[in-house]
Amino acid sequence: MKLELPKKWIRNLKTLDVAFQPIVNIHTGKIFAVEALLRNYQEVGFESIFELFDEVYDDNLLYSFDLKLRKKALKKLTDVEDYENIKLFYNLDNRLLEMPNFKHGNTGKLLKKYGIGKNSICFEISERHEISNNSRMQEVLEHYKSEDFCIAIDDFGVGYSGYKLLYESRPDIIKIDRFFLSDIQKDVKKKLMARSITHLAVQLGIKVIAEGIESKEELLTCRDIGCHFVQGYFIQRPTLEVSEILSEYPHVLDILSSEKRATESSCKIEAFIDKKPPFTINTEMRTIVEYFQKNPQAESIIIVNSHNEPVGILQENKIKEFIYSPYGRSLLTNNGAKKSKLINLIEACGITEINCNISTIIELFSNNSESIGIILTNNSKYYGFLSARAIISIMNEQNIIHAREQNPLTKLPGNSMIEKLMAEIIESEKTYILCYFDLDNFKAFNDVYGFRNGDRAIILFADILRKNLPSEFFKGHIGGDDFFVAVEANDQNEEKYTKILSKVVQKFEYDARELYSKEDKEKEYIISTDREGNKKKFPLLCVSASLLIVRNGANKRSADSINTILSIQKKVAKQDSSHISISCLL
């Protein structure tokens with residue numbers, strides 16, 4: 001059945017235009033895709049895109065109209081520089097299958113007309129109509145998935161069946177909804193939820209786009225939790241001019257380059273990467289069977305699409321039952337048999353960029369007890385494979401390095417890690433709260449009660465830091481009775497963090513009393529000798545806190561200036577009744 005578009009809609013289509021918004025690699029700033037967004041809908045009499053599509057749907061013309069829009073978007077894509085190497089994200093209305101003229105194969109014809117490969121288009125599906133009983137989202141997803149098109153779920157996390165869709169249909173890509181990412185660096189709950197969504201998706205072999213990013217801080221936080229790609233006004237607003245679409249976004253690259261962790265991570269894991277060549281999704285099963293027979297040590301192979309993007313992994317044990325049965329090999333290598341299709345045997349595998357944090361790779365692997373490894377990409381293209389054995393070796397190496405950098409008594413990060421953090425803080429433009437803790441009257445206590453009890457006092461303070469400071473705080477032990485704490489802050493949490501650090505001072509003074517005899521507690525002092533050998537009274541243990549707020553864009557943001565301020569404040573804090581001194585570097 002063919003439904004022709006009335007003249008009204010043909011005229012509207014001439015006025016309507018397609019804007020492109022880039023989706024870039026969150027680790028490299030290089031373009032991955034563009035999303036097609038409808039523009040000029042107000043010029044044809046509609047207040048919103050949704051209103052326009054609702055009217056087309058009511059006229060029973062949704063599919064015919066949508067095909068014209070696809071043609072417009074695909075044609076415009078060919079004007080983008082190097083379009084063959086990027087994807088087009090095209091939004092589908094979930095009600096398409098309700099149209100009487102819906103049929104298979106039309107997208108393929110359009111792609112062929114413009115010389116665009118099937119892997120260059122990704123159909124984006126949202127749950128906008130899921131609340132109604134007429135929603136056919138699952139059916140639409142399965143239809144295009146069965147035709148081997150890339151599928152993305154938009155607005156993930158706020159719909160009605162997102163996790164159900166992950167379980168039943170496993171899309172190729174999800175876009176985390178803007179709700180979870182807005183000011184994510186300031187909201188611990190959002191960060192935890194976005195991390196949970198991201199890591200679940202990655203373990204299922206699904207790539208993740210952070211959508212609606214509007215600041216550098218949001219970008220870096222999304223990178224750190226493991227997202228693969230980023231889209232939003234911070235990268236570029238949607239544009240009608242294809243010449244404005246870049247192959248690489250310098251401002252993103254500059255931000256990423258200023259963060260040294262990415263380069264360091266790739267260097268540290270390079271020796272562990274297995275760069276075995278992948279097989280394409282169209283490889284005949286006969287070839288794969290022969291590969292496993294000639295390479296009995298091989299446990300798995302990586303499967304990629306025509307763009308060299310990983311789609312999953314095939315384990316040798318999946319086809320072993322066929323290889324070693326009398327008729328199994330014939331069945332497996334029979335191209336007409338359903339079982340012979342490679343796609344039916346592929347399993348999900350975690351995928352992340354080579355520049356990803358080592359800690360993120362370890363976390364992704366550790367969260368899935370059945371994981372056999374992680375596939376690594378370089379700008380979305382297959383790069384290599386980290387097996388479970390390799391990741392465990394990396395974990396052991398990391399633990400050894402971490403142990404070397406720990407203070408042996410408190411097991412807190414030692415001077416090398418403190419110095420590394422300070423270098424990052426000095427280079428950064430973010431706001432940080434730094435705090436130098438010094439135990440007061442410690443020498444007198446150590447002399448009277450002995451070094452074992454002195455160690456108990458130091459361990460007590462380290463435990464107070466661990467238990468009373470949230471996970472976002474860095475807690476370090478400089479040595480002896482000196483400690484260092486740092487945390488990234490902003491206008492919303494600065495006062496809160498300052499109060500938390502003040503409570504640490506109060507908590508130690510209260511808990512340290514239990515280290516003294518009953519008699520000394522009642523006296524509120526002990527008798528000991530000072531550094532000149534004179535006997536005198538010393539108050540009970542307490543701690544002084546020299547607290548410095550280093551503002552975003554602060555002048556003289558150097559190690560010397562920070563150390564000088566903290567040193568001066570240390571003396572002020574010891575003389576203050578609250579044992580706290582606070583200043584600010586503007």
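Is lysine 75 buried or exposed, and what is its relative accessible area? In this predicted model, lysine 75 is exposed, with a relative accessible area of 52%. The label follows because exposed means over 50% relative accessible area. Lysine 75 is part of helix H3, a helix that spans residues 62-77.

Lysine 75 also has company at the surface. Together with Lys68, Lys71 and Lys113, Lys75 forms a positive surface patch. Helix H3 is the element that gives the most to this patch, contributing three residues.

A charged residue in another setting is glutamate 147, placed in the loop that links helix H5 (137-146) to strand E5 (150-156). Glutamate 147 is buried and yet has no salt bridge. The nearest side chain of opposite charge belongs to lysine 118, at 5.9 Å. A salt bridge would need a side-chain nitrogen of Lys or Arg within 4 Å of a carboxyl oxygen, so lysine 118 does not supply one to glutamate 147. The side chain of glutamate 147 does have a polar partner, however: it makes a polar contact of 2.8 Å with the side chain of histidine 104.

Aspartate 491 offers another case to look at in the structure. This residue sits in the loop between strand E17 (482-489) and helix H20 (494-511). Aspartate 491 has a relative accessible area of 69% and is therefore exposed, the cut-off for that label being over 50%. Along the chain, aspartate 491 and isoleucine 582 are 91 residues apart, and their C-alpha atoms are separated by 16 Å.

The backbone deserves a look as well. Most residues other than glycine have a negative phi. Against that background, two loop residues can be picked out. For aspartate 183, phi is near 55°, a positive value in a residue that is not glycine. Aspartate 183 belongs to the loop between helix H7 (178-181) and helix H8 (188-203). With 35% relative accessibility, aspartate 183 counts as partly exposed, because this value falls between the limits of 20% for buried and 50% for exposed.

Histidine 579 likewise has a positive phi, near 65°, and is a residue other than glycine. Its place is in the loop that runs between helix H22 (559-575) and strand E21 (580-585). Histidine 579 has a relative accessible area of 13% and is buried, since buried means under 20%. Of these two residues with positive phi, then, aspartate 183 is partly exposed, whereas histidine 579 is buried.

Conventions:
Residues are numbered from 1 along each chain as its sequence is written. This is a predicted model: local features need pLDDT of at least 70, side-chain atom pairs count only at pLDDT 80 or more; totals for chains, interfaces and linings use all residues. Side-chain values use heavy atoms; hydrogens and water are left out. Patches are made of residues with over 30% relative accessible area and no salt bridge: like charges are joined within 9 Å, nonpolar side chains (Val, Leu, Ile, Met, Phe, Trp, Tyr) within 5 Å. Accessible areas come from the Shrake-Rupley method with a 1.4 Å probe; for residues, only the protein chains shown count as cover. Lys and Arg count as positive and Asp and Glu as negative; His and the chain ends are not counted. The place of a charge is taken as NZ of Lys, CZ of Arg, CG of Asp or CD of Glu. Helices (H or I, at least four residues) and strands (E, at least two) are DSSP runs, numbered from the N terminus. Buried means under 20% relative accessible area, exposed over 50%, partly exposed in between (1.4 Å probe, protein chains only). A polar contact is a pair of N or O atoms within 3.5 Å; within protein, one must be able to donate a hydrogen and the other to accept it, and residues adjacent in sequence count only if both atoms are side-chain atoms.
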